[in-house]
Structure formats: C-alpha cells, structure tokens
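Please look at the model below before reading on, and keep it in view while the text leads you from one contact to the next.

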Amino acid sequence: MNTALLIFATITLAGAAAAMTLRNLIHCALAGAVAFLGLAGLFLGLGAEFVAFGQVLVYVGAVAILIVIAVLLTRPARVAGESPRVEPWLPGVGIGVLVTGALVAMVKASLVARSPEAVSSPAAPVKAIGERLMTTYVLPLEVLGLLLTAALIGAVLLALRDPGEARRP
Amino acid sequence: MSTLQSFLIVSALLFGIGLTGVLTRRNAILVLLGIEFMLNAANLNFIAFWRFGPNPEALTGVMFALFAIAVAAAEAAVGLALVIAIYRHARTANLDAVEELKG
Amino acid sequence: MFELFDQLFVNLKHAVVGALPEGWRGLASPLISAAAILGVFASLFALTVLVERKGLGRIQNRPGPNRVGPAGLLQPLADFIKALTKEDIVPVSADKVLHFLAPVVMLAPVLLAYAVLPFGRNMVAVDFDAGLLFFFAAGACVELAVFMAGWSSHNKFSLLGAMRAIAQMISYELPLILATLGVVMLVGSLSLEDIVDSQAGHHWGWLARWWVFTPWGLAAFVIFLIAATAESNRAPFDLPEGEAELVAGHLVEYSGFKYAIFFIAEYLGLFAVSALAITLFLGGWHAPVAGLDWLPSWFWFGVKLAGFIVFFIWVRGTLPRVRVDHLMGFAWKFLLPLVLWNLVVAAVWWYSRGWAFAGAGILRWVGCAAMILIPYSLLGRALYTRHGLGPRTYRLVA
C-alpha cells in the first residue's frame, strides 16, 4: 500500500470513527461525507475510476445531503445533556470490537496472505463497463431501475403528510 | 503483508466502526449512516478482490460495487423517509423511545 | 508557424518540465498545469466582474465603475484590496470550524473540475476515461459546502437560503446531466477529449460538425444552458440569495475575504460549466467554419468562453428573477420530461444515420426537429393553461 492509499485509508477510518462518535448530528453527517470521499480515493487508487466518481456523485452528492436534511427535519427540541448512546452501550461496543477482531484475525490467517502480489494493474474502461451493463448484466440493470423507481415513489409516500393530519408547528 | 490483505483490514475496520455505531447510537439517522459504512466496507472488498483477483477482465467486482452503490442510494432514501415518518408519529428519532411494538 | 502558436503553451510547459532535475518532473507537471489554470481563470474572473458591472451599468443606463484607473479598469484591483483588508466577522453563535471550512470546501471542487476540461489541442490536465463523471462528481460536492455555509452561520436566513440553494441545485442537476447524455450516447465515451475529437470535420466542406447543429443537440444545448444557469445560481435563477426575501441566503454571515472566496467560486463554477457546454456541444477548441482553422485552438476556446460570459451578463441584465415554486415546477414538470424525450430523439437520429435516399438529410433533420418541437409546444401549453395562465385578455366594462 503506497502513501496516497494510506492517507485515503486514514481519512476514511477517521471520518467514519468521527461520524459514529461525535455528539452533533450535523457534524456526524459531514464526517460521514469525508469518509465517503476517502473511500472514493481508495477506489481511484485501486483503478476503479468509474466506481470512485459514482461513489462521490451518489454518496457525497445525494446520500450525505439526504442525511443532513433528515437531521434538520427531525431535530427534537434541544434536550440538554441527553446521551447520544443507547443506555447499556458497553455490550454494543464489545460486540463491535469482537466482530472486528475476528474479521482482522481471519484476514491475517487466510490464504490471501500467501497469495503472490498481483503484477498486472487492470483497468475498468468505461466502455467495457457499459457493454457489460447492456449484455451480461442487463436484467439486474432493469431490476435496479424498477427498484429505484419503487424507492422514489415509496419514499415520497412515506414522507408525505397525511391529508387528515393537522399542520403542527 | 500483501496489499490485498491491507485493503481487507481497512475494510474490516470500517465494517467494525459501522457495526459499533449501529449498536450504540440512539439516533435512527446515525444507525442508517452506520449501515452505509458497512455497505461501503463490502464495496471496498469487492473492488480490492477485483483488482488483485485472478480474473479482472470479467469486471465482476466493479459491477457488484456499482449495483451496491445504487441499491444503497435507494435504501438511504426509503430509510430516511421512514425515519421522518416515525419522527412525525413519535416526535423523536431516538430508537429507544420508539418501543410501542415491543412484545 | 501554425504549429508554433497552436502548441505554444504545451511546448512551454514541456520545456519548463524538461529543464527540471529528473526527480522533480513527476511533481512539477501537474503543479504547472494547476498554476496555469488558476492564473488564467482567476484573471478571467477579475475581468468578468469588471465587464459585468460595466455591462449591467450599460443595460441599466448608468456609467458603472469609472473612478479607479482609466475608465474604471483598475476596479477589480481595488475590490481585491478591499476584500483582503476588510474585517472578517464570525458570528458569536456560529459553528467556528464549519464556518471557516465552508468557503474552502466550496472552492476546492470547482477548481478540481477544471482538471478534465480540454482548453485546446493537447491542453487537458488529466484525461480521465470517465472525465464527464468526474466533472459532475466534483460539482456534487458544492452542495455540501453550501449547506455548511448556511447551517454553520446559525442564522435563519442563511439556513433558508442554503435549503433553497440545495433544492435548486439537486433539481437542476438532473436536466443538466441528462442533457449531456445524448452526446455521450452518440460518441460512446465519457472522456472529454474523445467528445471533442468526435466533433472534428465539416458538413458540406465548410460548417463544423458540432453537436449543436443537430436538432437534438440544439435542444440539449438550450436545456443544458438553462440548467447551468440555475446550477451556478445566476440570474434569473439567483433565488438562494434573493436580496428581497433572504438578504443574501447562505452568504449573510460572511464578510471580507471569505465572502470573496464564495464569489470567486461562483464565477469559476460558471466558467467551468460554460467550458463544459463548449466541449460537449460547440466543438471544444475546433473552429466554427473550415476557413478559420489557421487560428490556434486555444484562441477558439477563449472566444467561445467570452461569448458565454457576455451571454450570461446579458441574461442577468434582461430577465427578472423567477418565483421559487415556478423554479421547481419548471425543472421537474417541464425540463425533465423534455430532456428524457430528447434522448429518444437522439437515438432516432443515430439509427437514421444510414438513410441514403434523396432528401434523406433534410427529412432526418426536419423529422427530429418536429419530434422535439411538438412535445415542447404541447407540454408548454398544457402547463400554461393548468396554472390559469395564458394570453391576457382585457374586457372593457362599461
């Protein structure tokens, strides 16, 4: 792993850690955006240009904005001193650490460690991705279009105000 | 340690951070953000395995990551709409306050 | 001789890089490109502000800036010094870190977007395979900066302005991206270099083969221009900073140099999106007619960009600001269906390329134009009458 990738990995992990620990929800969302950007950098470093830019477009341009707006829409009256964590929070952390430890141990022990370093640097040309999407993966693509349409309509219906509901201040 | 392995470890750490966040944060929106991190960790694995795998010309990892990103966008939209609907009903987005359905 | 002028800047850069010691070259090449882009477009910004103030003055029948230097030419310099020396006020309740970061986050992606734009033959900083996607990905980061600016100021006008700006930018991003898709579809590449190359050559030996000369290209170009105006918050779509209702939107609590950075970012964004329009529809750095290609490629790019800047100033001086519900309705009900239909027309254009009977070219052009104009007029009319709008009639009541 070279220096650039190391920096991106640090940005990703630091952003994610900040997003999961900070108190202010807006700060959390923005830290999450930083993590998504760092991940896009990692994708770029791995040669997946299209995925990297798609990641920025979708996550920073749409998901982060969505999260920030949802935070603004659901902000309760400022409760001072309210804990940002669920009450018995220690088991959660314990399970998290346990799972992470198990994953890291498995990666360390796996055959991957002994596999020879790949010498080729494959590229994912946009043209090849497009051709795959229109041939091998055309059915998933269509299903995805359907899913996105359903999600769009579903999200609008869910967030829509009930017609009978009075406008509360 | 091979490069692939270091990517896998970064991904495992990202997954762990997301999981811990999901298990410990009260606010539903941050739980959703934690799930996004876990999905992203999986994406990083897909891309890393594609890059260092035996058959990169098939572009399988890239395709999987692309589809995962698109599905994650749909998931975020519906999830946040749900959070807003819950907020309208319960006047809070804290998950431990929404326990009416508890048996 | 032509070669010398056309490749002047490319050769200059190569000479400078070549003169450096071996280890520095890898670092120097991108730095020189970045410095050149920054220098040229920052000076263009200064010039544009002056031209805009003069031009608006002309339209509004007043002299405009005319005190600093001969005919007011040194006004940008005076403005620069003023912005630099003004007090930088941060509100007490503001989120200090985000308030400081917002202008930086605003400017950085805008500058990044310039990396993929081809300014002349061989003059592109990075030729990404997915260059167009890179451009839009960089543009998407601007929305978050606007939100940061609006939220961190802890001012309701800021927040409302930022929310309006985000809603507007997300809504107009769709027509903006979809308008470019027709070109991408026909060229078969997201690389901006390839898109410029695809517009080489001439119709009937003299008129350049730009995409804007096809019916779907013209429609996409017009939609792209409208969406780009909204995307860069220019009049008549400058609602986010509508002075009358929101003071200055997300910029209320910014002063001094931070405000200047927002101002620069806005104009640089406008130049970038104009440059993209030139690249996609107006042939990039190609000359418009065959006889004029002895002029250097970067000259043609500059001329087109200057044309765009004048056009935007003109529009700002002419059109009144639209209302916020009209703005949203226009994007979702009118531009979006039209731009999607335009993609179908582009496909028809592509499949009819093999027609070889007499009058095929004219039939193809007229047919595609009709396929765009008929839905346009039907949709426009339907939306027009639904809102109770229409040609106004007056009746004299005795």
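The paragraphs that follow look at two pairs of packed helices and then at one interface between chains.

This is a predicted model, and a good place to begin is with its helices. Two packed helices are described by the angle between their axes and the distance between the axes. Helix 2 of chain A, residues 25-45, packs against helix 2 of chain B, residues 28-52, at an angle of about 5°, and their axes lie 11 Å apart. Because angles under 35 degrees count as roughly parallel, helix 2 of chain A is roughly parallel to helix 2 of chain B. Among the residues that meet here are L25(A), F36(A) and L39(A) on one side, and L30(B), F37(B) and I47(B) on the other. The residues of this contact divide into 13 nonpolar, 3 polar and 1 charged.

Within chain C, helix 6 (residues 131-152) and helix 7 (residues 156-187) pack at an angle of about 175°, with axes 8 Å apart, which makes these two helices of chain C roughly antiparallel. Their contact holds 17 nonpolar, 3 polar and 2 charged residues.

Chain C also touches chain A, with 23 residues of chain C in contact with 22 residues of chain A. Between them the two chains bury about 2000 Å², 80% of it on carbon and sulfur atoms. On the side of chain C, L133(C), L144(C) and W151(C) lose the most area to chain A, together 27% of what that side buries. The count of salt bridges between chain C and chain A is 0, whereas 5 residue pairs are found in polar contact across this interface. Helix 6 and helix 7 of chain C each supply at least two residues of the side that touches chain A, and the largest share, 11 residues, comes from helix 6 of chain C. That side of chain C divides into 18 nonpolar, 1 polar and 4 charged residues.

Technical notes:
Residues numbered from 1 in each chain as written. Chains lettered and ligands numbered in written order. Predicted model: local features only at pLDDT ≥ 70, side-chain atom pairs only at ≥ 80, totals over all residues. Heavy atoms only, no water. Axes fitted to C-alpha atoms, helices over the stretch in contact; angles between N-to-C directions. Helix = DSSP H or I, 4+ residues; strand = E, 2+ residues; numbered from the N terminus. Parallel < 35°, antiparallel > 145°, perpendicular 65-115°, else oblique. Contact = heavy atoms within 4.5 Å. Nonpolar A, V, L, I, M, F, W, Y, C, P; charged D, E, K, R; others polar. Buried area = accessible area lost by both parts, 1.4 Å probe. Salt bridge = Lys/Arg side-chain N within 4 Å of Asp/Glu carboxyl O. Polar contact = N/O pair within 3.5 Å; in protein donor to acceptor, adjacent residues only side chain to side chain.
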